[in-house]
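Okay, let's get going. I'd like to walk you through one helix and then some aromatic rings.

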Amino acid sequence: MRFGEKLRDLRKGKDMTQTDLAKEIGVSLRTIISYENSNSYPKKREVYSKLAAFFNVDINYLLTEDEEFITEAKAKYGNRGARQAEDLVAEIGGLFAGGELSEADKDAVMRSLQQAYWDAKEENKKYTPKKYRKDDDNNK
C-alpha cells in the first residue's frame with residue numbers, strides 16, 4: 001500500500017476531513033490532497049514524524065522503502081533525480097508482475113537495484129565538471 005492510501009485510510013479512520021488533517025499537522029490542504037493522490041510525498045522526515053505521532057502509528061508504517069528512495073533521490077539530485085527514481089521503482093515493479101518471488105526476495109532485488117542507482121549517480125560525478133556539481137564546496 002502506498003503512502004497516500006495509508007494516509008487516506010488513517011484520516012478516514014479518525015473521521016477527519018483533509019482540511020482538519022492539514023491544520024493538525026501544519027501543512028496546506030493542497031499538500032494533503034497531493035499526498036493522498038500519490039502525486040507527492042513529504043520532503044522532510046519531520047512531516048512523517050508528525051503524522052505518525054498524530055495517528056499513533058510507527059513511522060516505518062508510513063515510510064516505505066520506495067518512497068524513502070524517491071524522497072532521498074529528490075533531496076540529492078532534484079526533480080530530475082526524483083523522476084528517475086520513480087521510473088526505476090515503476091520499472092522494477094513491472095518485473096515482478098505475475099512472478100513467483102517471495103516478498104523477501106522482491107525486497108532484496110529492489111534494494112540491490114536502488115543501490116545500483118546510487119552507485120551510478122556517484123560514478124557520474126566523476127564526469128561532471130566541478131562548476132556544475134551541487135556538492136562542490138568551491139562554489140560557495
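Here's a quick tour, starting with the ground rules.

This is a predicted model, so to speak of local features we need pLDDT of at least 70, and side-chain atom pairs count only at pLDDT 80 or more, while totals for chains, interfaces and linings use all residues. Residues are numbered from 1 along each chain as its sequence is written, and side-chain values use heavy atoms, with hydrogens and water left out.

First, helix α2, residues 18-25. Helices here are DSSP runs of H or I, at least four residues, numbered from the N terminus. Which residues of α2 are buried, meaning under 20% relative accessible area with a 1.4 Å probe, protein chains only? They're L21, A22 and I25. Looking down the axis of α2, those fall within an arc of 100 degrees (taken from the directions from the axis to the C-beta atoms), so they line one face of the helix. Their cover includes α1, α3 and α4, where contact means heavy atoms within 4.5 Å. Just after α2, G26 has a positive phi of about 80 degrees.

Now the rings. We've got 7 aromatic pairs: Phe, Tyr or Trp rings (six-membered ring for Trp) with centres within 6.5 Å, stacked under 30 degrees between planes, edge-to-face over 60, tilted for the rest. F3 and Y35 sit 5.6 Å apart with planes at 75 degrees, so that's edge-to-face. F3 is in α1 and Y35 in α3, so the pair ties together parts 32 residues apart in sequence. Both F3 and Y35 are buried. F54 and F55 are also edge-to-face, at 5.0 Å and 80 degrees. Finally, F69, Y77, Y117 and W118 make one aromatic cluster.

Note on methods:
Buried < 20%, exposed > 50% of the residue type's maximum accessible area, 1.4 Å probe, protein only. Helix = DSSP H or I, 4+ residues; strand = E, 2+ residues; numbered from the N terminus.
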